Amino acid sequence: MKNLKTHIILVTCHLSLITFLGCEIDQKEILPEDGFTKIYNHPEEVLSYYPESVAELQGGGYVYLSAVKDENAETEYPSAYLVRTNASGEVEWTMNYDWLAPSARLIQRGNAIGFVAMNRQFEAHVILVDPANGNVTDQHDLEMTMPLYAFSDSRGELVVLGYDFVSRSSWISRYSASFILQRSSMLPVNTDLEYLIQRHLNKTGQDFHFFIGEYSNESGTGYYVNCFYNYTLRSVFLDISSLNATGDIYSFQIEEGISSLIQNSGSLFGLTSYY
């Protein structure tokens, strides 16, 4: 059984160099009431919890999204699981959902909170729930397959990374605030990675660092997406309107790659990588 350990401390760090490694925290500046440490577990030993995302609610409290894998379940993919706590981390409710392989990150839309996951046919949906009780209030078909990451941009639009096993392509789609499809783009992988994607989703293989972010500089505005493209795991820069690729940072196939990326200012970015 895997325990979900959550540490919440609000700290501001200033990024000054692209070789940024971390920020030094003076423990005297953090008072006990500024944070909490909680461990959330489950007595069933056949369950494994994989934390995916946490969101702070406007009215106070937090919602945690996890993928929960049951060793005795008929499906090989983990299901979505939400935990709602108050501002002190005390559990108010928990809820299991039939949706599979939930993607980071949680999405806030008005008074609802949502997550992206897939059904048994690998079709991606966004599911909205009432944070007061966890009940599903709405759901939308995203018209793509195998969702890997979800991102809400500064305009309130949703950008989702998926994988199309028919064309063997990474699939990036942008949706309006009401989840209407605006534009899609396919980045050809040029090799069959469906098996590796499946093992990533069902938590039995390598955990790839898929992510989406947003940038703006003198060259324009767009997204950066860490995904499979042209045989390798790459960070691809996309135009915000057309979703066409404008550049990329590539690594050696899938054995190494970028694990996180953040814009400092202008054309200066900070990143971490593994090999």
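Reader: Which residue of β11 is the bridge partner of F151?

Author: This is a predicted model: local features need pLDDT of at least 70, side-chain atom pairs count only at pLDDT 80 or more, and totals for chains, interfaces and linings use all residues. Residues are numbered from 1 along each chain as its sequence is written, and side-chain values use heavy atoms, leaving out hydrogens and water. Four bridges join β10 to the antiparallel β11 (strands are DSSP runs of E with at least two residues, helices runs of H or I with at least four, both numbered from the N terminus). In β11, F151 has as its bridge partner V159.

Reader: In what order do the four strands of the open sheet stand?

Author: Strands of a sheet pair through backbone hydrogen bonds, either parallel or antiparallel. Here the pairing is antiparallel (two strands pair if DSSP finds at least two bridges between them). The edge strands, each pairing on one side only, are β10 (149-152) and β13 (181-188). The order is β10-β11-β12-β13.

Reader: By what angle are neighbouring strands of this sheet turned against each other on average?

Author: Each axis is a line fitted to C-alpha atoms, for helices over the stretch in contact, and angles run from 0 to 180 degrees between N-to-C directions. For this sheet, direction is ignored. The average turn between neighbours is 20°.

Reader: How many bridges join β11 to β12?

Author: β11 covers residues 158-164 and β12 covers residues 169-175; they run antiparallel. V159 has its β12 partner in R174, and G162 has W171. The number of bridges joining β11 to β12 is seven.

Reader: Which residue in the turn of the β11-β12 hairpin has a positive phi?

Author: The hairpin of β10 and β11 has five residues between its strands, and there G156 takes a positive phi near 85°. The β11-β12 hairpin has four residues between its strands. Its turn residue with a positive phi, about 55°, is R168.

Reader: Are the residues on the two faces of β11 buried or exposed?

Author: One side holds L158, V160, G162 and D164, the other V159, L161 and Y163. Buried means under 20% relative accessible area, exposed over 50%, and partly exposed in between, with a 1.4 Å probe and protein chains only. Seven of the seven residues in β11 fall under the cut-off. Both faces are covered, and the residues there are all buried.

Reader: Which side chain does D153 contact?

Author: D153 is in the loop between β10 and β11. It counts as buried because its relative accessible area is 6%. A polar contact is a pair of N or O atoms within 3.5 Å; within protein, one must be able to donate a hydrogen and the other to accept it, and residues adjacent in sequence count only if both atoms are side-chain atoms. At 2.7 Å, the side chain of D153 meets that of Y223.

Reader: Which residue does the side chain of S154 join in a polar contact?

Author: S154 lies in the same loop, between β10 and β11. Its relative accessibility is 63%, so S154 counts as exposed. Its partner is 60 residues away along the chain, with 8.1 Å between the C-alpha atoms. The side-chain contact spans 2.9 Å, and the partner is E214.

Reader: Where is F179, a residue with a positive phi?

Author: Most residues other than glycine have a negative phi, and most peptide bonds are trans. F179 has a phi near 70°. It counts as buried because its relative accessibility is 7%. F179 is in the loop between β12 and β13.

Reader: What is the volume of the largest pocket?

Author: On a 1 Å grid over the protein atoms alone, a pocket is an open set of points with protein on both sides within 12 Å along at least five of seven lines; lining residues have an atom within 4 Å of a point. Grid points are joined across faces, edges and corners, and the volume is the space filled by probe spheres set on the points. Of the 18 lining residues, the closest to the centre are E52, A104, L148, H200 and D207. The volume is about 330 Å³.

Reader: Which element supplies the largest share of that lining?

Author: β6 (91-109) and α1 (194-201) each give at least two residues. A cis peptide bond joins A104 and R105, and R105 is in β6. The largest share, five residues, comes from β6.

Definitions and conventions
On a 1 Å grid over the protein atoms alone, a cavity is a set of points where a 1.4 Å probe fits but cannot get out, and a pocket is an open set with protein on both sides within 12 Å along at least five of seven lines; lining residues have an atom within 4 Å of a point.
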